[in-house]
Amino acid sequence: MAKNTEYINSMKEWDLEDIVDHVKSTHHAYLKANYPIIVRLLEKVLEKNPKKYPEIKEIHEIFVEFTDDMSRHLVKEEEILFPYFQKLGKYLNDPKSYEPAFFGSLKKPVKVMEDEHDDEHDIIEKIKQLSNNYTPPADADPTHKMLYFKLKEFQEDLDLHHTIENDILFAKAEEAEKKLKV
Ligand SMILES: [Fe+2]
Ligand SMILES: [Fe+2]
């Protein structure tokens, strides 16, 4: 945890363009690379033991739905909000060139993103409960153990990703917008 605090604090000094690049190349890249790995692990556990672990069936359903919603969330960030954040970074160096976003101000879209983060967090918490805090059953095979290891890693990365966006990236972008709109 202390390590994460250090990691998050170090980013507070970065400019908007660098934070956007970082979030995309680490946390978004992590999600895109790991959804299919986790879905495959879930399928493998289910194929080997179709009836033995009802919680795996439930986690599979939740996770697949979650990843669909999450993909749409990433598109909204990468195609709409992040390009505007990058522009805000440039406008700060040349305030006269500032042009407002087509969606007006950041207030509404940022609230939508934060609400979606809360929903994502709740879904992952449900998976955490279903997996007994990522504790494999005593008779779990290596695939099952790997699945729980990956799900735990996935939650940790997502929590960090949300903290960086909510507390640093969105906060910094809103502050820049406020400054430029004056
Ligand atoms: Fe994100
Ligand atoms: Fe996000």
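**Exercise 1. Overall architecture**

Which pattern does the chain follow, read along the sequence? State also the helix and strand counts and the extent of the chain.

*Solution.* The model is predicted: local features need pLDDT of at least 70, side-chain atom pairs count only at pLDDT 80 or more, and totals for chains, interfaces and linings use all residues. Residues are numbered from 1 along each chain as its sequence is written, while chains are lettered from A and ligands numbered from 1 in the order in which they are written.

Step 1. Helices (H or I, at least four residues) and strands (E, at least two) are DSSP runs, numbered from the N terminus. The chain contains five helices and zero strands, and its pattern is α-α-α-α-α.

Step 2. Along the principal axes, the C-alpha atoms occupy a box of roughly 65 × 35 × 20 Å.

Step 3. A residue is buried if 20 or more other C-beta atoms lie within 10 Å of its own, exposed if 12 or fewer, and partly exposed in between, with C-beta atoms placed from the backbone. Of the 182 residues of the chain, 19% count as buried.

Step 4. Two residues are in contact if their C-beta atoms, placed from the backbone, lie within 7 Å. Among contacts between residues at least 6 apart in sequence, 81% join residues at least 24 apart.

**Exercise 2. Helix packing**

Classify the packing of α2 with α3 and of α3 with α5.

*Solution.* Two packed helices are described by the angle between their axes and the distance between the axes. Axes are lines fitted to C-alpha atoms, for helices over the stretch in contact, and angles run from 0 to 180 degrees between N-to-C directions.

Step 1. Angles under 35 degrees count as roughly parallel, over 145 as roughly antiparallel, 65 to 115 as roughly perpendicular and the rest as oblique.

Step 2. Helix α2 (residues 16-48) packs on α3 at an angle of about 165°, with the axes 10 Å apart. Therefore α2 is roughly antiparallel to α3. The contact of α2 with α3 has 18 nonpolar (Ala, Val, Leu, Ile, Met, Phe, Trp, Tyr, Cys and Pro), five polar (the others, Gly among them) and four charged (Asp, Glu, Lys and Arg) residues.

Step 3. The axes of α3 (residues 54-93) and α5 (residues 142-181) come within 10 Å and cross at roughly 45°, so α3 and α5 are oblique to each other. Phe85, Leu88, Tyr91 and Leu92 of α3 meet Leu169, Ala173, Ala176, Glu177 and Leu180 of α5. By class, these residues are eight nonpolar, no polar and one charged.

**Exercise 3. Helix α4 and the loop that follows**

Test the span of α4, then locate the residues with positive phi, including Asn133.

*Solution.* Step 1. The expected span of a helix is 1.5 Å times one less than its number of residues. For the 24 residues of α4 (residues 107-130) this gives 34 Å, and the end C-alpha atoms are 35 Å apart, which agrees.

Step 2. Just after α4, Asn132 has a positive phi of about 55°. Asn133, in the loop between α4 and α5, has a positive phi near 55°. Asn133 is exposed because it has 9 C-beta neighbours inside 10 Å. Tyr134, in the loop between α4 and α5, has a positive phi of about 60° although it is not a glycine. With 18 other C-beta atoms within 10 Å, Tyr134 is partly exposed.

**Exercise 4. Surroundings of Lys172**

Is Lys172 of α5 buried, exposed or partly exposed?

*Solution.* Step 1. Lys172 has 19 other C-beta atoms within 10 Å and is therefore partly exposed.

Step 2. Not counting residues up to four places away in sequence, Lys172 touches Leu16 and Ile19.

Step 3. Lys172 and Glu47 are 125 residues apart in sequence and 46 Å apart in space, C-alpha to C-alpha.
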